[in-house]
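Reader: I would like to learn how to read a surface patch in a model, and I would be glad of a worked case.

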Amino acid sequence: MDDVSRLPATTLAEETLLGLLLPFWQLVIGAFVVFVVLVSLRRLAQRGPSRMTTALVVTAVAIAGFTVLGVLLES
């Protein structure tokens with residue numbers, strides 16, 4: 001007979017529990033990021049158009065950089 005080693009039940013249960021909690025934590029982190037971005041945009045809009053233009057350029061560069069980094073690290 002084949003001797004098949006299996007994971008202990010507690011390890012499997014812990015991984016399952018973590019799998020269920022993971023989307024919740026992603027939602028919490030996402031909500032916090034949206035809140036911070038909205039607060040930052042409000043403060044930036046109060047400072048005037050020249051700061052807004054600089055902020056848009058910096059944001060565009062950051063998005064492009066994260067996209068390139070994500071594509072490079074995907075494989």
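Author: What follows is a short dialogue on the surface of this chain, which is a predicted model.

Reader: Before turning to the patch, how many helices and strands are there in the chain?

Author: The chain has two helices and zero strands, and of its 75 residues 3% are buried. About 7,200 Å² of the chain is exposed, and carbon and sulfur atoms supply 72% of that area.

Reader: Which residues make the nonpolar surface patch?

Author: In general, a residue can join a patch if its relative accessible area is over 30% and it has no salt bridge. In this structure, F24, W25, V28, I29, V33, V34, V37, L38 and L41 make a nonpolar patch of about 840 Å².

Reader: Is F24, as a member of that patch, buried or exposed, or does it lie in between?

Author: Partly exposed is the term for values between 20% and 50%. F24, which is placed in helix α1, residues 9-47, counts as partly exposed because its relative accessibility is 46%.

Reader: Where is L41 placed, and what is its relative accessible area?

Author: L41 also belongs to the patch and has its place in helix α1; with a relative accessible area of 43%, L41 is partly exposed. Measuring from C-alpha to C-alpha, L41 and A55 are 9.3 Å apart in space, while 14 residues separate their positions in sequence.

Notes. Residues numbered from 1 in each chain as written. Predicted model: local features only at pLDDT ≥ 70, side-chain atom pairs only at ≥ 80, totals over all residues. Heavy atoms only, no water. Patch = residues over 30% accessible without salt bridge, like charges linked within 9 Å, V, L, I, M, F, W, Y side chains within 5 Å. Areas by Shrake-Rupley, 256 points an atom, 1.4 Å probe, with all protein chains shown as cover. Salt bridge = Lys/Arg side-chain N within 4 Å of Asp/Glu carboxyl O. Helix = DSSP H or I, 4+ residues; strand = E, 2+ residues; numbered from the N terminus. Buried < 20%, exposed > 50% of the residue type's maximum accessible area, 1.4 Å probe, protein only.
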